[in-house]
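Dear colleague,

Please find below the sequence and the structure that I am handing over to you. My notes on what was found follow directly after them.

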Amino acid sequence: MTREETIALFIANAAKVAAEPIHAADDGQFQRALDDSLAESVTIFCPGITEKEKAVEIPPDKRTEDYVSASACVDEADAAIAETGSLVFSSDKGRPVQAGLLPAHHVALVSSENIYETLDDYFSTVAASPPTNITLETGPSRTADIELTLTIGVHGPGRLTVIVF
Amino acid sequence: MSDPTAGIPFRANAVKALQDGTLRHAMRNATETFAIKRSEAVAAVPLEEWREEASAMRLHVLDNLSDYVDRFEKKAVKAGANVHRAADSQAAREIIASILRDRSIGKVVKSKSMVSEEIHLNNYLQEQGVTVVETDLGEYIIQIAGEGPSHIIVPAIHKDRSQVGRLFAEKLGCDYSDDPEILTGVAKKVLRGEFLSAKAGISGANFAVAGSGSIAIFTNEGNGRMCTTLPSLHIVILSIEKMVPSLADLPKFIRLLPRSATGQTITSYLSVITGPRASGAATGAKEMHVVLLDNGRTEILSGEYREMFKCIRCGACLNACPVYRMVGGHAYGSTYPGPMGIVLTALLEGMERARNLLDATTLCGACGDVCPVKVPLPKLLRRLRESRVEKGLTPRFEQTAMTGFGNAAKSPLIFHLGQNASRVFWPAMKRLGLYQTLGRMPRPASKTFRERVS
C-alpha cells in the first residue's frame, strides 16, 4: 500500500466510526482546519509537547492548563492505524493521555508519516517494551446500553476531529 | 449466596421470564440486533482463518498456562505493579478489601468486570463499608436497580427506556425522561463527579500480556480509561486464563472480540496498561495491583472441559442461543448466562447447582458456530448432560421414562404395541387436563414411518 493509500484508508475508516477527519495539504489548510474546529470552544488545552502541538495557535483568553475543565483538547497522536481508523496516544514524553478523554471535544493531530497500515504493524513496534499507557481511540465515546440505542459522548468526548497533516 | 447444593430453579425462572412481555420484547430486539451486526461485521473478513488462528493460540496458552502466568507476574512486577495470586473468590475479595482498608479508602469507581461478578466483589466490599460505584452505563443502571447483569456485554439489556427513565427519576431525583440521550447525560454528570473524586479504581481485563506484563481493556464509553487513569490507585482483577503471549499477538483478538460482541471493527477505546505511572510521566495510577484469580481453573484445565477456557467473553453465543433469546440472562440464576454460562457455572459452581441449567439448551449448535475462538460449546454441553445422568442428577421421572423407553426399544413387539397404544391413548390424555405439558407435544402420526415406506 502506498503512503497515499494508507492515508486514504485511515481517513475512510475514521469517518466510518463517526470521527470527523480532515486531510490538510499545507500549513494554511492545517491552520484553517484547526481554527474551524476550535471556533466554538470556550477553553482549550494543548500540552505543547510535539512540534505540531507547539505550532498550534490558541488565543490567550481561551488557553487553559486544566484539561479537566477544558471544553476542547488539541494534541498530537503518537500514531494512527489505517485498518481500524484508530488514533494511538501513549504516556511517552510526559503526555497526559487522559487529557483527550475529559473535554467534550477532542481535536487530534496526526502526522501522515505516523500512520501504520495494520494493527500488527503498530503493536510489533511496541511489543518489546511498551510505554505505561497505550490508548487506541477510535471515534467518539459511545454507548448503546439503553435499548441498544446509539448515544455518542458518554464519559469521553462526544466529538472527535482528526486533522491529518 | 443461596445453598450451593440446591439446583438453580431454571424452569420456574424461565416460566416467569416468558410471561414478561417487556422482557421478551427487549431480549428479541437486543439479541437480533447484535446477531445481525455480528454477521455484517464478519461477512467481509477471512473469519474461518482468524478463528483457527485464535483458537490455536488460546489452546497453546492453556497448554502452557502456568509458564505464561509466571512470565506475566515477573514482567508486571518489573514494570512496578504488585501482583497477587488468589486461589479462590474469598482470597481475591479479601486481597482487594485489605488493599483498600490499609489505605483507608472508602469509595471506588469500577469499570465493568465479569470476574468481579464471579467473586461477588461488590457485596463484599459494601459489607466492609466501601462504596462501590459502577461506571459502565449498563452496570450503573443495574447497580442502582439492585440487580445483576443479564448479559455479559450489555448488562441492562433486559430493561427498556421507560424502565430506565422511571429508575433514574426515583433513585437520582431527576425529571422522568425516556430519551436515551437525556438519560445518558444524567448518568454522565453523576459519574463524572465520582471519577474525579475517587481515590481508587477497580477494573477487569480482557487480556493480560505475558511478554510485557500488560493488561488490555476494551470499552466504548471511556469509563475504563477513566477508572484506570484518574484515581491514584488502580486494582485489576482478572482470571488466569486471559493470557496472550505477546503484545504482537493482541491484534488477532482485537479483530475478533469487538466484531463478535457488538459487530464493531474495534471498540472506541482500547487501553493497554503496563505498570503504574512512571516517574516524570503524567498518565496512570501511582500504584497498581493485579489480582490473578484461579478459582478452580487450574484443576478444570487438567480435565476434559479445558477448552471452555479458550472463551474470550464476547457474548456471541448468548445472542445466537434460541433459549437465551427467549428467557434472558436472569433466568439462568448464575453469574454467566447463555451457553458459555451453563458450562462455566457447571465447572465453577458444580453440577448439583448447575444441573437444571443443562435443560436450557436445544443442542442446536448455533453457539459453537458463532464462537470466535471455536470453543466446542455443543460438545461440552452434551458431555455435561451425560455427566448429569452418570451422577444420577436427572429428575426421577425422566430416569424412569428413559429406562422404560430403552427397554421397550430393545423389543420390536413391545415397541410396536407402544406405538399403537400411544395413537389411541395420546389424544385422550391431551383432553384430560394434562394439557399444559402434553398440549405442547405433537400428536403421534396416524401411520408410522415403516408403514408409510413399506
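In which sense do strand β1 of chain A and β11(A) pair, and over how many bridges? The pairing is parallel and runs over four bridges, with β1 covering residues 20-23 of chain A. Within this pair, I22(A) lies opposite I163(A) of β11(A). Please bear in mind throughout that this is a predicted model.

Strand β11 of chain A, residues 159-164, has a further partner in strand β6 (residues 105-110) of chain A; these two are parallel and share six bridges. Here A108(A) has V162(A) of β11(A) as its bridge partner. Strand β11(A) is mostly covered, with five of its six residues buried. As general background, side chains in a regular strand alternate between the two faces of the sheet.

The interface between the chains

The remaining findings concern the meeting of chain B and chain A. On the side of chain B, 61 residues are in contact with chain A, which contributes 44 residues. Between them the two chains bury about 4300 Å², and carbon and sulfur atoms account for 59% of that area. Within chain B, the residues that lose the most area to chain A are E221(B), R225(B) and T283(B); together they make up 14% of what that side buries.

Strand pairing also crosses the interface. Strand β8 of chain A (residues 133-137) and β9(B) are antiparallel to one another and are joined over five bridges. In this pairing, V272(B) of β9(B) is the residue opposite I134(A).

As regards charged and polar pairs, three salt bridges are counted between chain B and chain A. One of these salt bridges links E147(A) to R161(B), whose closest N and O atoms are 3.1 Å apart. Residue pairs in polar contact across the interface number 26, both residues being at pLDDT 80 or more.

Several elements of chain B give two or more residues to the side that touches chain A, among them α2 (21-43), α9 (161-172), α10 (180-197) and β9 (269-273). The largest share comes from α10(B), which provides nine residues. By residue class, the side of chain B that touches chain A consists of 29 nonpolar, 21 polar and eleven charged residues.

When you open the structure, you may wish to begin with β11(A) and its partners β1 and β6, and then turn to the pairing of β8 of chain A with β9(B).

With kind regards

Methods. Residues numbered from 1 in each chain as written. Chains lettered and ligands numbered in written order. Predicted model: local features only at pLDDT ≥ 70, side-chain atom pairs only at ≥ 80, totals over all residues. Heavy atoms only, no water. Contact = heavy atoms within 4.5 Å. Buried area = accessible area lost by both parts, 1.4 Å probe. Salt bridge = Lys/Arg side-chain N within 4 Å of Asp/Glu carboxyl O. Polar contact = N/O pair within 3.5 Å; in protein donor to acceptor, adjacent residues only side chain to side chain. Nonpolar A, V, L, I, M, F, W, Y, C, P; charged D, E, K, R; others polar. Pairing = 2+ DSSP bridges. Buried < 20%, exposed > 50% of the residue type's maximum accessible area, 1.4 Å probe, protein only.
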